[in-house]
Amino acid sequence: MSEIVKKQPFGWRETNGYTILDLGTMPNSIVIKKEEQGNRFLISLRSYFSFPDNFYKLRFETKQEAIDYACKYLAEWVQELNNELISNN
């Protein structure tokens with residue numbers, strides 16, 4: 001009997017004022033929120049991925065700027081991890 005494998009969500013979604021990136025088994029990897037007072041955007045503490053503390057204090061003029069900044073950091077982090085794994089083999 002074959003197992004049914006549930007497809008994990010992968011991609012961006014909008015919900016309750018948040019822009020959320022789900023990366024398969026890591027839902028809410030990056031969460032971007034619009035400030036309650038004002039028109040700026042921030043990287044939310046609701047993000048599953050742990051950013052440096054100073055990232056949560058940053059404010060961005062557009063949602064896309066916040067997304068780009070968070071994604072750039074995540075990509076660099078993954079690349080460093082990959083390099084470390086390769087060097088250990």
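Okay, so let's start with S29, which sits in strand β3, residues 26-34. Keep in mind that this is a predicted model. S29 has a relative accessible area of 0%, so it is buried. What does S29 touch, once we leave aside its neighbours within four places in sequence? The list is L21, D22, L23, S47, Y48, F49 and F51.

Hold on to F51 from that list, because F51 comes up again in the core, where it is one of the residues with the most contacts. The largest nonpolar core has 14 residues, and the other well-connected ones inside it are I30, I32, I43, A66 and A70. Which elements give two or more residues to this core? Those are β3, β4 and α1. Helix α1 gives the most, with four residues.

Let me zoom in on I43 for a second. Not counting residues up to four places away in sequence, I43 touches V31, I32, F51, F55, Y56, F60, A66, Y69 and A70.

Now, the aromatics. Searching the whole structure turns up nine aromatic pairs. Take F51 and F55: the ring centres are 5.8 Å apart and the planes are at 15°, so this pair is stacked. F51 is at 3% relative accessibility, so we call it buried. F55 is buried as well, with a relative accessible area of 8%.

F55 also pairs with Y73, and that one is edge-to-face, at 4.9 Å centre to centre with 65° between the planes. What I'd point you to here is that the pair links distant parts of the chain: F55 is in the loop between β4 (41-43) and α1, while Y73 is in helix α1, 18 residues apart. And Y73, buried or partly exposed? Y73 comes out at 24% relative accessibility, and the cut-off for buried is under 20%, so Y73 counts as partly exposed.

Put the rings together and you get one aromatic cluster, made of F49, F51, F55, Y56, F60, Y69, Y73 and W77.

That last name takes us to the surface. W77 lies in helix α1, residues 63-87. Its relative accessible area is 39%, so W77 is partly exposed. Besides being in the aromatic cluster, W77 helps make a nonpolar surface patch together with V78, L81 and L85. How much area does that patch have? About 360 Å².

So if you have the model open, try walking from S29 in strand β3, over to F51, across to F55, then to Y73 in helix α1.

Notes. Residues numbered from 1 in each chain as written. Predicted model: local features only at pLDDT ≥ 70, side-chain atom pairs only at ≥ 80, totals over all residues. Heavy atoms only, no water. Buried < 20%, exposed > 50% of the residue type's maximum accessible area, 1.4 Å probe, protein only. Contact = heavy atoms within 4.5 Å. Patch = residues over 30% accessible without salt bridge, like charges linked within 9 Å, V, L, I, M, F, W, Y side chains within 5 Å. Areas by Shrake-Rupley, 256 points an atom, 1.4 Å probe, with all protein chains shown as cover. Salt bridge = Lys/Arg side-chain N within 4 Å of Asp/Glu carboxyl O. Phe/Tyr/Trp six-rings, centres within 6.5 Å; stacked < 30°, edge-to-face > 60°. Core = buried A, V, L, I, M, F, W, Y, C linked by side-chain atoms within 4.5 Å.
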